[in-house]
Amino acid sequence: MPSLEQLYQQVILDHARARHGLGTVEGVDASSHQVNPTCGDEVTLGVQLAPDGAIERIVWDGDGCSISQASLSMLAELVDERPSIDEVAKAYGAMEQMMHSRNRGVPEEVLDLLGDAAALESTSQFANRVKCALLGWYALRDALAKLGTDIAGDRA
């Protein structure tokens, strides 16, 4: 029986290969291009909002390591499942909390908000990989900010 660590590694590899949300960034309401200068990973991510303000579509294109590509895929899948801005903001906060934990552990409810992205928790112990894992999330935050929505602020 595989260990939890092996299972998480497989989830990361699966997302790095299957890349949910990958496509041409066209016909979106806002987009953001982000680069990780440490390793050269880059992404252009676009969002389109529904009339009720929920995220109707997220699409991204980019190149980078398995961590950045998997994290982008996980983000796209999560947004597809929970498109309301409040849910996305909670997931964004959970991702930042987890990635800044230095793998010291975060509450189970934080991991529950992240779906497959919880598999990236052990990545948080490597400072240079934290930037890879957060690249797409920062692109989403920036694209939404261009539309007047702050998912990084206090949403209590």
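Trainee: Before we look at this predicted model, what is a salt bridge?

Mentor: Happy to start there. Side chains of opposite charge can pair when their charged atoms come close. For a salt bridge, we ask for a side-chain nitrogen of Lys or Arg within 4 Å of a carboxyl oxygen of Asp or Glu.

Trainee: With which residue does Lys146 form a salt bridge?

Mentor: Look along helix α5, where Lys146 has its partner four residues apart, about one turn of the helix. An α-helix has 3.6 residues a turn, so residues three or four places apart point the same way. The closest N and O atoms are 3.7 Å apart, and the partner of Lys146 is Asp142.

Trainee: Is Lys146 buried or exposed?

Mentor: The cut-off for exposed is over 50% relative accessible area. Lys146 has 53%, so Lys146 is exposed.

Trainee: How many salt bridges does a search of the whole structure find?

Mentor: Besides Lys146 with Asp142, look at Arg17 and Asp14, whose side chains meet at 3.9 Å, N to O. Arg17 and Asp14 both lie in helix α1, three residues apart. The search of the whole structure gives a count of two.

Trainee: Now the aromatic pair: how are the planes of Tyr92 and Tyr138 arranged?

Mentor: The rings are 6.4 Å centre to centre, with 55° between the planes. Stacked needs under 30 degrees and edge-to-face needs over 60. The angle fits neither of those, so the pair is tilted.

Trainee: Which helices does that pair link?

Mentor: Tyr92 and Tyr138 are 46 residues apart, so this pair links distant parts of the chain. Tyr92 is buried at 2% relative accessible area, whereas Tyr138 is partly exposed at 23%. Tyr92 sits in α3 (residues 85-99) and Tyr138 in α5 (residues 127-146), making the helices α3 and α5.

Trainee: What covers the buried residues of α3?

Mentor: The buried residues of α3 include Val88, Tyr92, Met95 and Met99. Met95, for one, is in contact with Ser71, Leu114 and Trp137, among others. The cover includes β2, β3, α2, α4 and α5.

Trainee: Which element gives the most to the largest nonpolar core?

Mentor: In soluble globular proteins, nonpolar side chains tend to be buried together. Here the largest nonpolar core has 47 residues, and Met95 and Trp137 are among those with the most contacts inside it. Elements that each supply at least two residues include α1, β2 and α3. With ten residues, the one that gives the most is α5.

Terms used:
Residues are numbered from 1 along each chain as its sequence is written. This is a predicted model: local features need pLDDT of at least 70, side-chain atom pairs count only at pLDDT 80 or more; totals for chains, interfaces and linings use all residues. Side-chain values use heavy atoms; hydrogens and water are left out. Rings of Phe, Tyr and Trp (its six-membered ring) pair if their centres lie within 6.5 Å; planes under 30 degrees apart count as stacked, over 60 as edge-to-face and the rest as tilted. Buried means under 20% relative accessible area, exposed over 50%, partly exposed in between (1.4 Å probe, protein chains only). Contact means heavy atoms within 4.5 Å. A nonpolar core is a set of buried Ala, Val, Leu, Ile, Met, Phe, Trp, Tyr and Cys residues joined through side-chain atoms within 4.5 Å.
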